[in-house]
Amino acid sequence: MNLAAIVGAPVWSKDRSLIGMVERVTPGPAGKVDAVVRLNAALPSKMQTVQMRVLPRLTDKGALLLGYSKRQLLELFSG
(Lines give C-alpha, C1' and ligand atoms only; values in the text may rest on other atoms or scores of the structure.)
Protein backbone atom coordinates (compact mmCIF):
# COMPACT_ATOMS: atom_id res chain seq x y z
CA MET A 1 0.00 0.00 0.00
CA ASN A 2 1.14 3.52 -0.77
CA LEU A 3 1.76 5.14 2.62
CA ALA A 4 1.02 8.59 1.23
CA ALA A 5 -2.57 7.41 0.58
CA ILE A 6 -3.08 7.01 4.33
CA VAL A 7 -2.05 10.58 5.22
CA GLY A 8 -5.16 12.71 5.60
CA ALA A 9 -7.46 9.70 6.05
CA PRO A 10 -10.16 10.02 8.71
CA VAL A 11 -9.85 7.55 11.58
CA TRP A 12 -13.03 5.94 12.92
CA SER A 13 -13.62 3.66 15.91
CA LYS A 14 -15.46 0.37 15.48
CA ASP A 15 -18.60 2.01 16.88
CA ARG A 16 -18.32 4.66 14.14
CA SER A 17 -17.10 7.62 16.22
CA LEU A 18 -14.69 9.98 14.48
CA ILE A 19 -11.37 9.69 16.31
CA GLY A 20 -9.27 12.00 14.16
CA MET A 21 -7.16 12.26 11.03
CA VAL A 22 -3.85 10.66 10.04
CA GLU A 23 -1.11 13.32 9.99
CA ARG A 24 1.98 11.22 9.40
CA VAL A 25 2.76 7.59 8.69
CA THR A 26 5.92 5.48 8.62
CA PRO A 27 6.47 1.77 7.93
CA GLY A 28 6.26 -0.49 10.97
CA PRO A 29 6.94 -4.19 11.56
CA ALA A 30 4.85 -7.11 10.31
CA GLY A 31 3.01 -5.18 7.61
CA LYS A 32 1.76 -2.54 10.01
CA VAL A 33 2.34 1.21 9.96
CA ASP A 34 3.06 3.73 12.69
CA ALA A 35 0.53 6.50 12.27
CA VAL A 36 0.38 9.85 14.05
CA VAL A 37 -3.28 10.77 14.44
CA ARG A 38 -4.54 14.27 15.23
CA LEU A 39 -7.48 13.69 17.57
CA ASN A 40 -10.93 15.06 17.00
CA ALA A 41 -11.27 18.21 19.15
CA ALA A 42 -14.70 17.00 20.31
CA LEU A 43 -13.15 14.00 22.12
CA PRO A 44 -12.78 14.35 25.88
CA SER A 45 -9.00 14.03 25.81
CA LYS A 46 -6.22 16.45 26.74
CA MET A 47 -3.99 14.95 24.06
CA GLN A 48 -3.87 16.50 20.60
CA THR A 49 -2.08 13.67 18.81
CA VAL A 50 -1.42 9.98 19.44
CA GLN A 51 0.77 7.43 17.75
CA MET A 52 -0.80 4.11 16.77
CA ARG A 53 0.57 0.97 15.17
CA VAL A 54 -2.16 -0.29 12.85
CA LEU A 55 -2.76 -2.42 9.79
CA PRO A 56 -2.95 -0.05 6.81
CA ARG A 57 -6.41 -1.04 5.60
CA LEU A 58 -8.63 1.74 4.29
CA THR A 59 -12.37 1.44 3.66
CA ASP A 60 -13.85 2.02 0.21
CA LYS A 61 -14.35 5.64 1.26
CA GLY A 62 -10.67 6.04 2.19
CA ALA A 63 -11.10 5.91 5.97
CA LEU A 64 -9.06 3.99 8.52
CA LEU A 65 -11.40 1.85 10.64
CA LEU A 66 -9.97 0.74 13.99
CA GLY A 67 -10.90 -2.40 15.91
CA TYR A 68 -11.54 -0.49 19.15
CA SER A 69 -14.59 1.37 20.43
CA LYS A 70 -14.40 5.07 21.28
CA ARG A 71 -14.46 4.21 25.00
CA GLN A 72 -11.62 1.70 24.63
CA LEU A 73 -9.51 4.21 22.69
CA LEU A 74 -10.06 6.96 25.26
CA GLU A 75 -8.96 4.54 27.99
CA LEU A 76 -5.80 3.74 26.00
CA PHE A 77 -5.07 7.43 25.39
CA SER A 78 -5.40 8.26 29.09
CA GLY A 79 -2.53 5.92 29.87
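Let me begin with a definition: a residue is called exposed when its relative accessible area is over 50%, buried when that area is under 20%, and partly exposed in between. By that definition Arg71, at 53% relative accessibility, counts as exposed. The model under discussion today is a predicted one.

I shall start with helix 1, to which Arg71 belongs. Helix 1 spans residues 70-77, and its buried residues are Leu73, Leu74 and Phe77. Around the helix axis they cover an arc of only 100°, which means that they sit on the same side of helix 1. What lies over this buried side? Among the elements covering the buried residues of helix 1 are strand 2 (18-27), strand 3 (33-39) and strand 4 (49-54). On the face turned away from the buried side, helix 1 carries the exposed residues Arg71 and Leu76.

Arg71 also has a charged partner within the helix. Its side chain meets that of Glu75 in a salt bridge, at 2.9 Å from N to O. Both residues lie in helix 1, four residues apart, which is about one turn of the helix. Glu75 counts as partly exposed, because its relative accessibility of 47% falls between the two cut-offs.

That brings me to the salt bridges in general. Side chains of opposite charge can pair when their charged atoms come close. How many salt bridges does the model contain? The count comes to three. Besides the pair in helix 1, there is a salt bridge between Arg38 and Glu23, with the closest N and O atoms 2.5 Å apart. This pair links distant parts of the chain, since Arg38 is in strand 3 and Glu23 in strand 2, 15 residues apart. Arg38 is partly exposed, with a relative accessible area of 35%. Glu23 likewise counts as partly exposed, at 31% relative accessibility.

The remaining pair is Asp34 with Arg53, whose closest N and O atoms are 2.7 Å apart. Asp34 lies in strand 3 and Arg53 in strand 4, so this salt bridge ties together parts that are 19 residues apart in sequence. Is Asp34 buried or exposed? Asp34 is buried, because its relative accessible area of 12% is under the 20% cut-off. Its partner Arg53 is partly exposed, with a relative accessible area of 48%.

I turn next to a residue of the interior. Ile19 is located in strand 2, and with a relative accessible area of 1% it is buried. Which residues does Ile19 touch, leaving aside those up to four places away in sequence? Its contacts include Val11, Trp12 and Ser13, then Arg38, Leu39 and Asn40, and also Leu43, Met52 and Lys70. Leu73 and Phe77 are likewise touched by Ile19, and these two are among the buried residues of helix 1. Lys46 is 27 residues from Ile19 along the chain, and the C-alpha atoms of the two are separated by 13 Å.

One of the contacts of Ile19, namely Trp12, leads to the surface. Trp12 is placed in strand 1, residues 10-12. It is partly exposed, with a relative accessible area of 31%. Together with Leu18 and Leu65, Trp12 forms a nonpolar patch on the surface, and the three share about 230 Å² of accessible area. Trp12 can belong to such a patch because its 31% is over the 30% that patch residues require.

Finally, I come to the loops. Two residues there deserve a remark on backbone geometry. Arg16, in the loop between strand 1 and strand 2, has a positive phi of about 65° although it is not a glycine. Its relative accessibility is 55%, so it counts as exposed. Ala30 is found in the loop between strand 2 and strand 3. Its phi is also positive, near 55°, and this residue too is other than glycine. Ala30 is exposed, with a relative accessible area of 74%.

The last residue is Gly62, which lies in the loop between strand 4 and strand 5 (64-65). At 26% relative accessibility, Gly62 counts as partly exposed. Residues up to four places away in sequence being left out, Gly62 touches Ala9 and Pro10. The C-alpha atoms of Gly62 and Pro27, which are 35 residues apart along the chain, are separated by 19 Å.

Notes. Residues numbered from 1 in each chain as written. Predicted model: local features only at pLDDT ≥ 70, side-chain atom pairs only at ≥ 80, totals over all residues. Heavy atoms only, no water. Patch = residues over 30% accessible without salt bridge, like charges linked within 9 Å, V, L, I, M, F, W, Y side chains within 5 Å. Areas by Shrake-Rupley, 256 points an atom, 1.4 Å probe, with all protein chains shown as cover. Salt bridge = Lys/Arg side-chain N within 4 Å of Asp/Glu carboxyl O. Buried < 20%, exposed > 50% of the residue type's maximum accessible area, 1.4 Å probe, protein only. Arc of directions from axis to C-beta. Contact = heavy atoms within 4.5 Å.
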